[in-house]
Amino acid sequence: MAILVTGGAGYIGSHSVLALLERGDEVIVIDNLSNSSQESLVRVAELTGKNPTLYVANVLDKNILRTIFSKHSITDVIHFAGLKSVGESIKKPLEYYENNVTGTIVLLSEMLNAGVNSLIFSSSATVYGNPEKVPLSEDCQTGGTTNPYGTSKLMVEQILRDFSLAQPEFRITCLRYFNPVGAHQSGRIGEDPNGIPNNLVPYISQVAIGKLKCLSVYGNDYPTPDGTGVRDYIHVLDLASGHLAALDHQNEGASFKAINLGTGVGYSVIDLIEAFEKTSQTKINYKIVERRAGDIAECWSDSSLAKQTLGWQATRTIDEMMRDTWNWQKNNPNGYSS
Ligand code: NAD
Ligand code: UFG
């Protein structure tokens, strides 16, 4: 009995593989290492004393999937593999739709062939577009995405919903992540972005370590308490435990589910800078600049459905998120290549 984790060498995937191994699951990973390093899984093995089986391959390769499903007794699939940069998706829409949408279709057809019918999909709060209200609950309107990355998540959710109607024996859960941050408390695995980070927390930590000079805060004229953007930051280990809870509840409720994974609390950019400065005892050099195109003012989750249906809620505080980010950054100034 094993769990197939696509994209398991990546940021959220590696923390989830660790959590699965820690609770005794057998884990098979397929990852083409397009945005990750095998080193993450070497360290997961060090931390857990257990080895996941890694296939360095593309989820678009149906022959490899067929081999994996025939060689291992897989019961469930967690599908993290995908491209995730909003800006890059605008420049390379076809790559994004192929990886994220076609990749999921190929995976689903091979699951169907192999008789494996439990899937957990990495969705995103981005499917809500410009939030109709906060907190965002799962019955809020989706759509109005402004880039191919977001649209690819929306399209996959729709495909999975349609597929589950045609194949009622399938159990499909779309987990809509809010803003994943933080790292394992050991400082051995964490987020290792390529080039200059687009996301706030990796940017802050690279300013703290001296790799980047100054954080640009994108706007302080939003209708929020301090004028800067507000988001629901969630510790990556809470996110990992959310996947375990989703696996445990796959056979309950509807055959298709979409569930928010967030903390239910919003923090502003300035809150994050202050929390990071406090836990790291560093000073973050920042300046206020124009708003970033496509950004929304505020977004946080109503996390009650996850609590009701999965018995899960995030437990880690913003200070723990910043502390673990800093511990990872300090110990690995150049990520996995240091
Ligand atoms: P990541 O880039 O660190 O991990 C994705 C992994 O998938 C990488 O290891 C990459 O090499 C692999 N991959 C990509 N395309 C592949 C393919 N065709 N075949 C095999 N492997 C492939 O990203 P992450 O932050 O860990 O995100 C995981 C998932 O969660 C993604 O689907 C992402 O869109 C989604 N998500 C992420 C965030 C976030 O802010 N990090 C928010 C919401 C949703
Ligand atoms: N921000 C800055 N300066 C930066 C980077 C970000 O001020 O250098 C601000 C943004 O304007 C925003 C907040 O920090 O107010 C968070 O921005 P991120 O880029 O870290 O995250 P987003 O909320 O924009 O987007 C993230 C993921 C998306 C995902 C979305 C919803 O990057 O992929 O959350 O889940 F779709």
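Strand 8 (residues 215–218) contributes the most to the shell around ligand 2, with four residues; strands, like helices, are DSSP runs numbered from the N terminus (E, at least two residues, for strands; H or I, at least four, for helices). The model is predicted: local features need pLDDT of at least 70 and side-chain atom pairs count only at pLDDT 80 or more, whereas totals for chains, interfaces and linings use all residues. Residues are numbered from 1 along each chain as its sequence is written, chains are lettered from A and ligands numbered from 1 in the order in which they are written, and side-chain values use heavy atoms, without hydrogens and water.

Around ligand 2 there are 20 residues, of which Asn199, Ser216, Arg231, Arg292 and Asp295 come nearest; a residue is near a molecule if one of its heavy atoms lies within 4 Å of it. The side chain of asparagine 199 places an N or O atom 2.8 Å from an oxygen atom of ligand 2, and that of asparagine 179 does so at 3.0 Å. Such a polar contact with the ligand is a pair of N or O atoms within 3.5 Å. The protein buries 89% of the 690 Å² that ligand 2 exposes when taken alone, with accessible areas taken from the Shrake-Rupley method with a 1.4 Å probe.

Ligand 1 has 26 residues around it, and Asp31, Asn35, Ser36, Asn99 and Tyr149 come nearest. Polar side-chain atoms of serine 36 and lysine 84 lie 2.7 Å and 2.8 Å, respectively, from an oxygen atom of ligand 1. A backbone N or O atom of tyrosine 11 lies 2.9 Å from an oxygen atom of this ligand. Of the 820 Å² of accessible area that ligand 1 has on its own, the protein covers 95%. Strand 5 supplies the largest share of this shell, three residues.

Strand 5 also belongs to an open sheet of seven strands, ordered 3-2-1-4-5-6-11 with parallel pairing; two strands pair if DSSP finds at least two bridges between them. At the edges are strand 3 (53–56) and strand 11 (256–261), each pairing on one side only. Strand 6 (residues 171–177) is joined to strand 11 by six bridges, and cysteine 174 has alanine 258 of strand 11 as its bridge partner. Helix 6 (residues 148–166) packs on the sheet, touching strand 5 (118–124), strand 6 and strand 11, where contact means heavy atoms within 4.5 Å. The direction of helix 6 makes about 150° with that of strand 5; axes are lines fitted to C-alpha atoms, for helices over the stretch in contact, and angles run from 0 to 180 degrees between N-to-C directions.

Key
A polar contact is a pair of N or O atoms within 3.5 Å; within protein, one must be able to donate a hydrogen and the other to accept it, and residues adjacent in sequence count only if both atoms are side-chain atoms.
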